[in-house]
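Reader: Please show me the sequence and the model. Then let us go through the packing, element by element.

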Amino acid sequence: MVKPEKIKIGFAGTPEIAFAHFNHLLNSPNIDISFVLTQPNKKSGRGLEESKTLFNDIDRNTPILQPDNLNDQDTINEISKMKIDLLVVVAYGKILPDWVLEYPKFGCLNIHFSLLPKWRGAAPIQKAIANGDKLSGISFMKIVNELDAGPIYASFNVDIEDDDFFQAEEKLLEVSLMHISSVINEIVVNNKQPEEQDSKEVTFAEKIDRSDGLVNWSWGAKEIKNKFLAYRKWPVLSFMFKNEEVQIHDLEIASDQAGTPGTIMEFTKESLSVFCSDGVINIKAVKFPGKKVISSIDFFNAKRDIISSGDILV
């Protein structure tokens, strides 16, 4: 009996979540990865040491390509000579030029961490949590020129109610890995056709900025809690205290007691309690710049002489 021919794919991705997809596909018996596209190594630190990509240490013969410019002729020649059925893209971090979109036999497949057309853009998980969404999901989308606007091959719902970023990402990753091989098979073997997105339902998830993590005490309690959960990885929710940006590492909604937003209601070993627009937030763990995370007890013992009820936080 003749063995069925393996599906040949290229893989484009950069962060850990992309590497998890790569490892999963590497172990798929009917899929062969012809090459990997990932971001160039970055230099960081005072000595500007070069940091390796996760893909640099792969112990196999898969070519790892890290072009600065996908339109460079040498890059075009190198990739074009490797004939593939599909390019699978997970958080690659570069815009794919037209020639890349057109070069694989079945085009390019993107795994997007939202239920498109909701939350197109760079930060769909954070935006969904910050918005208080109870439901998110995975969308397997054919890539087109417009950002995250391509037709959808398949989508799968994921419950993210009360999850922080890390919990939601883990759930979404699990669902994506559960379905990715079968979706690829449907596209290449069964010639599955994607369905256009509903343009009337489009919302956007713009890139998160560091300043997005700074609390505005005129927000409602639920909004503060949602943003705390959304920004657990980065930039981390914070407030200003005596010209220092203090990160919040644990909080809870305490009550709906009314007060002037940003005013400290009380400071105890249990928490720093602050009025927002519709209630009180209890801050239960913090991190000062250059220091480790401390509990509310340590916070109280360290700062009780300079923080009092009635003080106002920015």
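**Helices, sheet and hairpins**

Reader: At what angle do helix α1 and helix α5 pack?
Author: Helix α1 covers residues 16–26 and helix α5 residues 165–188. Helices here are DSSP runs of H or I with at least four residues, strands are E runs of at least two, and both are numbered from the N terminus. Axes are lines fitted to C-alpha atoms, for helices over the stretch in contact, and angles between N-to-C directions run from 0 to 180 degrees. The axes of α1 and α5 lie 10 Å apart, and the packing angle is about 35°.

Reader: Which pLDDT must side-chain atom pairs have to count?
Author: Residues are numbered from 1 along each chain as its sequence is written, and side-chain values use heavy atoms, without hydrogens and water. This is a predicted model in which totals for chains, interfaces and linings use all residues, local features need pLDDT of at least 70, and side-chain atom pairs need 80 or more.

Reader: Which residues of α5 are met by α1?
Author: Contact means heavy atoms within 4.5 Å. On the α1 side, the residues are Ile17, Ala20, His21, His24 and Leu25. In α5 they meet Glu169, Leu173, Ser176, Leu177, Ile180, Ser181 and Ile184.

Reader: In what order do the seven strands form the open sheet?
Author: Strands pair if DSSP finds at least two bridges between them. The pairing in this sheet is mixed. The order is β5-β2-β1-β6-β7-β9-β10.

Reader: Which strands stand at the edges?
Author: An edge strand here has a single partner, so one of its sides is left without a neighbour in the sheet. That applies to β5 and β10.

Reader: What angle does the direction of α5 make with that of β10?
Author: α5 packs on the sheet. The helix touches β1 (7–13), β2, β6 (86–90), β7, β9 and β10. Its direction makes an angle with that of β10 of about 160°.

Reader: How many bridges pair β9 with strand β10?
Author: Take the other neighbour first: strand β7 (residues 108–112) runs antiparallel to β9 and is joined by four bridges. There, Leu109 has Lys142 as its partner. Toward β10 (residues 152–159), Gly137 is bridged to Asn157 and Ser136 stands opposite Val158. That pairing is also antiparallel, and its bridges number seven.

Reader: How many residues of strand β9 are buried?
Author: Buried means under 20% relative accessible area, exposed over 50%, and partly exposed in between (1.4 Å probe, protein chains only). β9 spans residues 135–142 and is mostly covered. Of its eight residues, the buried ones number six.

Reader: Is Asn110 buried or exposed?
Author: Asn110 is found in strand β7. Beyond residues up to four places away in sequence, it touches Val89, Ser139, Phe140, Met141, Ile143 and Asp148. Its relative accessibility is 10%, so Asn110 counts as buried.

Reader: What arc do the buried residues of α2 cover?
Author: In helix α2 (residues 73–80), the buried residues include Thr75, Ile76 and Ile79. They lie on the same side of α2, because their arc around the axis, taken from the directions to the C-beta atoms, is only 100°.

Reader: Against which elements do the buried residues of α2 pack?
Author: Two of these elements also appear in the open sheet: β5 and β2. In full, the buried residues pack against β2 (31–37), β5 (64–65) and α3 (98–102).

Reader: Which residues point the other way from Leu272, Val274 and Cys276 in β15?
Author: Strand β15 (residues 272–276) is mostly covered, with five of its five residues buried. Leu272, Val274 and Cys276 point one way. Pointing the other way are Ser273 and Phe275.

Reader: How many residues lie between β15 and β16 in their hairpin?
Author: On one side, strand β14 (residues 264–267) joins β15 through three antiparallel bridges, in a hairpin with four residues between the strands. Glu266 is bridged to Ser273 there. On the β16 side (residues 279–287), five bridges form an antiparallel pairing, with Phe275 opposite Val280. Between β15 and β16, the residues number two.

Reader: How many of the 314 residues of the chain, in percent, count as buried?
Author: The chain comes to seven helices and 17 strands. Its C-alpha trace spans about 75 × 50 × 35 Å along the principal axes. Among contacts between residues at least 6 apart in sequence, 64% join residues at least 24 apart. The share of the 314 residues that counts as buried is 48%.
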